[in-house]
Amino acid sequence: MTALIFDTWGDETVSKNYFHFKLGYLLPVASHCLRNRAKILARSEPVICRSCSPALDAVLHQLAEILCLPIELEDKAAPIFRTAQAKLMPRWDMHFGRRRLLDIAENGVNDPDRRPVATQPAIDARNTATKRPMDRLRQRFFLRASCARVDKEMQVVRHALQNRLGIEQRMSENQASSVLILRRAPSQPQSQERDIVSGAARRALVGTDTLQHQVTSIGLPADVYEPGSDTLRGQIKRFSQCRGVIALRGAEIANCFWMARGAFLIIANPKAMGRLHRMHNRFFERLGLSVQEIEPLFENEKDYRISANQLEGALETVVAASDCYQRTDASKLGLQI
């Protein structure tokens, strides 16, 4: 049996966060299973994955159902994760941090983001200028190969799961596809047991029905959607076929992974949270999304609202950019994932 390790890098909170769980474990597990599907079926043995929480464990079981493969869950301290057969899953969420380092290494980009970026293995981009030419060449080679490999794996996983579910990305073919206005799900019980507040209990976007009415009034079909209450199958379908997404900053934006290139994202980013991390910006960039960041109005200790003027201005920007993208040859815009 093969055990697949979730490399939390010593920070166990990432195993409870849906964004890091999905990009740092769920999708790499899917990639491993797709590459080794024939071997897994021939051995008639389950793939052993790490149990993270009841809600996230359910997502792993839903992935197993989609792939028609046996997956069993064990506690992180289980002995099987310390055997020679155990495999460390690559952290795709940190892949976008490596892309920033590649930009610095190849182009000498002066990156204003001074926060540390985790890499695997760790590379300190600040010392790039002082490295010997051969060291810099090796660094660029490693980063370029690593980024290209993960880009390809993400493309394969996305298309493979969509194909297994019979889902097509309709945004570019059907301009009547809905705009999804995301409503955060209530905090999961297992998070409360761990004194971790998540979902709407932590931050919530209020006035979603008003936003839906405003979006539909300009001729764009819109639905209020709660991804946290839907299955993995349902999330893949809704995000694959949407025209765009309006959401409060949170773990739900990991589902943008399924969106078609050229779709748009309006993300309400509370001032207290600071600007979006470069990891998120690179994530949206590689997906080919048109992104507009706005600062929502503060209602109370956890509720935020998007004003009519904010939404109108953001929609005007992203819809124009999205329409422009549809008239542009996507092959000229870099590697697709």
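Q: What does Q214 count as, buried or exposed?
A: This is a predicted model, where local features need pLDDT of at least 70 and side-chain atom pairs 80 or more, while totals for chains, interfaces and linings use all residues. Residues are numbered from 1 along each chain, and side-chain values use heavy atoms, without hydrogens and water. Q214 sits in helix α7, residues 208-217 (helices are DSSP runs of H or I, at least four residues; strands are E, at least two; both numbered from the N terminus). Its relative accessibility is 16% (under 20% is buried, over 50% exposed, partly exposed in between, with a 1.4 Å probe and protein chains only), so Q214 counts as buried.

Q: Which residues does Q214 touch, leaving out those up to four places away in sequence?
A: Touching here means a contact, with heavy atoms within 4.5 Å. Once residues up to four places away in sequence are set aside, Q214 touches A308, L311 and E312.

Q: How much of the chain is buried?
A: The chain has ten helices and twelve strands. Of its 337 residues, the buried share is 52%.

Q: Which helix gives the most residues to the largest nonpolar core?
A: A nonpolar core joins buried Ala, Val, Leu, Ile, Met, Phe, Trp, Tyr and Cys residues through side-chain atoms within 4.5 Å. The largest one has 61 residues, and F21, Y25, V245 and F283 touch the most other members. With ten residues, the top contributor to this core is helix α1 (residues 18-35).

Q: How many residues are in the second, separate core?
A: V179, L205, A222 and V318 are among the members of that second core. Its size is 20 residues.

Q: How are α3 and α8 oriented to each other?
A: Helix α3 covers residues 54-67 and helix α8 residues 232-240, and their axes come within 9 Å and cross at roughly 75 degrees. The axes are lines fitted to C-alpha atoms over the stretch in contact, with angles from 0 to 180 degrees between N-to-C directions. Under 35 degrees is roughly parallel, over 145 roughly antiparallel, 65 to 115 roughly perpendicular, and the rest oblique. That is why α3 and α8 count as roughly perpendicular.

Q: Which α8 residues meet α3?
A: On the α3 side you'll find V59, Q62, L63, E65 and I66. Their partners in α8 are L232, R233 and I236.

Q: Why is helix α9 largely enclosed by the rest of the structure?
A: Helix α9 runs over residues 278-287. Its buried residues include F283, F284 and L287, along with R278, R282 and R286. It is largely enclosed because the number of buried residues in α9 is eight of the ten.
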